[in-house]
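Let's walk through this fold together, taking the helices, the sheets and the enclosed spaces in turn. Keep the viewer open so that you can find each element as we come to it.

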Amino acid sequence: MHIKKQRLLTPGPTPLLPAALHAMMGSDIHHRTEDFRNLYKQVLADLKTVLATAHDVLVLVASGTGGLEAAVQNFFSPGDEVIVCSAGKFGERWVDLAKAFGLKATVLSAPYGDAVSPAAVEEVLARNKNIRGVFVQASETSTGSQHDVKSMGLAVKKTGAIFVVDAITGLGTMPLEIDAWGLDIVIGGSQKAFMIPPGLAFLSISPKAWALSESATSPRYYFDLRKERKSAAGGESSWTPNTSLLLAFAEALKYIQSIGMDKLVENAQLLAHATRQAVRALGLELFSTSPGSSVTAVRPPAGMDSGVIVKQYRSRFNAIITNGQGSMKGQIFRLAHLGYFDFHDLFAVIAELEIILAAEGYPVRFGSGVAAVQNVYAEAALPKEAPLLV
Ligand SMILES: *Cc1c(COP(=O)(O)O)cnc(C)c1O
């Protein structure tokens, strides 16, 4: 117990892809050279392939929230009527952003752990023809829930409004058919399923959204996406880019293409499924009624503060997991699956959880959670005729 490797197991930042990390050492290139233009064009082309969209894709130097802000600034004007779906701390960020830019928001909120129903969105769209945009999280990282963005997108598509999806933890953890489902603006971030450090945000932007940007009057400068689009067409960014993160991004996109984006999604889904099975086997409860695959939010045993579990992961195993955010602090702990996570990680995470629960006096049969993960692995990846010892 004297050597404890540090392991970052949070839903952002996530574990780093070694090849991406190594690539960052080549950062001594200038951003107004042919070398850089080749890199930037490759990143934009690969990102478009990975997102499987015909829409424009742009990269910004910012954390994910910069991408959210750019989406509000570039396509809306003060006084515009919008719908904001809010089912957690990130939904509340959309509410705050809409307020900051003077939008008139109808907020459809769901209690923490639930999701906003597509029917509620449709109902407001039918009642109010002035709605210009609908905002949602594909995956609400704070509660481990996911939204039915397909149904919502198809409903918004029939109207003049645009659908703005914070897919920062949705990308790489759930299927997202950007073009077919009418996802006009999709926002991602580097430190989630894309396996590289924080610092890049990116967006896909539909022609319908670009058309709205022409009449949008919100002030913008650094995040002027029309300017960014023009720069990107020439293989450059409008301002000094984060060269080291772009080098990393190029490697990560190469890796994702080598396994396939659908397989990256399947990987997260399998790990999330196995985690839910393990949690149930240990007699614990999930927090979300519509759990997604980016992160699983778990309630601690009755009477136990989830912060104790988070602290024990850190002190016993040097593993960093996350507590609940805001009022959910102490009420849940969150186990991540997005990006560079594998079964090896999950076996350890669940075995450690059993040890931590036992240390806190909760009755645990060692191996019961781990066995649940093994069964999911066996079901997915062992030949059917393999004899399983139970
Ligand atoms: C991480 C995250 C963000 C972005 O947060 P930043 O700290 O700005 O990178 C936004 N939305 C969701 C759902 C997230 O998980």
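To compare two helices, a line is fitted to the C-alpha atoms of each over the stretch in contact, and the angle between their N-to-C directions can run from 0 to 180 degrees. What you have on screen is a predicted model, and a good pair to try this on is helix H11 (residues 306–317) and H12, whose axes lie 10 Å apart at an angle of about 110 degrees. Angles from 65 to 115 degrees count as roughly perpendicular, and therefore H11 and H12 are roughly perpendicular to each other.

Which residues make this contact? From H11 come Ile309, Gln312, Tyr313, Arg316 and Phe317, and they meet Val349, Glu352, Leu353, Ile355, Ile356, Leu357 and Ala359 in H12. Sorted by character, the residues of this contact are nine nonpolar, one polar and two charged.

Now turn to the sheets. Strands of a sheet pair through backbone hydrogen bonds, in either a parallel or an antiparallel way. One open sheet here has seven strands, in the order E2-E10-E9-E8-E5-E3-E4, and its pairing is mixed. Its edges are E2 and strand E4 (104–109); each has a single partner strand, so one side of each is left without a neighbour in the sheet. On average, neighbouring strands of this sheet are turned by 20 degrees against each other, direction ignored.

For a closer look at one pairing, pick strand E9 (residues 185–189) and strand E10 (residues 200–205), which pair in the antiparallel sense over five bridges. Here valine 186 stands opposite serine 204 in E10. The same sheet also has a helix to find: H6 (residues 149–157) lies across strand E3 (81–86), strand E5 (131–137) and strand E8 (162–166), and runs at about 160 degrees to E8.

Another open sheet is built from four strands in the order E11-E12-E15-E14, with antiparallel pairing. Strand E11 (285–286) and strand E14 (322–323) are its edges, and each has a single partner strand, so one side of each lacks a neighbour in the sheet. E11 is joined to strand E12 (residues 295–299) by two bridges, and these strands run antiparallel. The bridge partner of glutamate 285 is arginine 299 in E12.

Finally, let's look for enclosed space. Rolling a probe the size of a water molecule over the atoms shows where empty space is left. How many cavities of 30 Å³ or more are there? The count comes to two.

The largest cavity holds about 110 Å³ of space. It is lined by 14 residues, of which Val59, Leu60, Val61, Glu228 and Ser237 are the closest to its centre. Strand E2 (residues 56–61), which we met at an edge of the seven-stranded sheet, gives the most to this lining, with three residues. The lining as a whole divides into 10 nonpolar, three polar and one charged.

The second largest cavity holds about 80 Å³. Its lining is made up of Leu9, Leu271, Ile321, Leu335, Ala336, His337, Phe341, Asp342, Asp345, Leu346 and Val349. Strand E15 (333–336) and helix H12 (343–359) each supply at least two of these residues, and H12 gives the most, with three. Eight residues of this lining are nonpolar, one is polar and two are charged. Val349 links two parts of our walk: this residue of H12 takes part in the contact with H11 and also lines the second largest cavity.

Technical notes: Residues are numbered from 1 along each chain as its sequence is written. This is a predicted model: local features need pLDDT of at least 70, side-chain atom pairs count only at pLDDT 80 or more; totals for chains, interfaces and linings use all residues. Side-chain values use heavy atoms; hydrogens and water are left out. On a 1 Å grid over the protein atoms alone, a cavity is a set of points where a 1.4 Å probe fits but cannot get out, and a pocket is an open set with protein on both sides within 12 Å along at least five of seven lines; lining residues have an atom within 4 Å of a point. Grid points are joined across faces, edges and corners, and a volume is the space filled by probe spheres set on the points. Ala, Val, Leu, Ile, Met, Phe, Trp, Tyr, Cys and Pro count as nonpolar, Asp, Glu, Lys and Arg as charged, and the others, Gly among them, as polar. Angles under 35 degrees count as roughly parallel, over 145 as roughly antiparallel, 65 to 115 as roughly perpendicular and the rest as oblique. Contact means heavy atoms within 4.5 Å. Two strands pair if DSSP finds at least two bridges between them.
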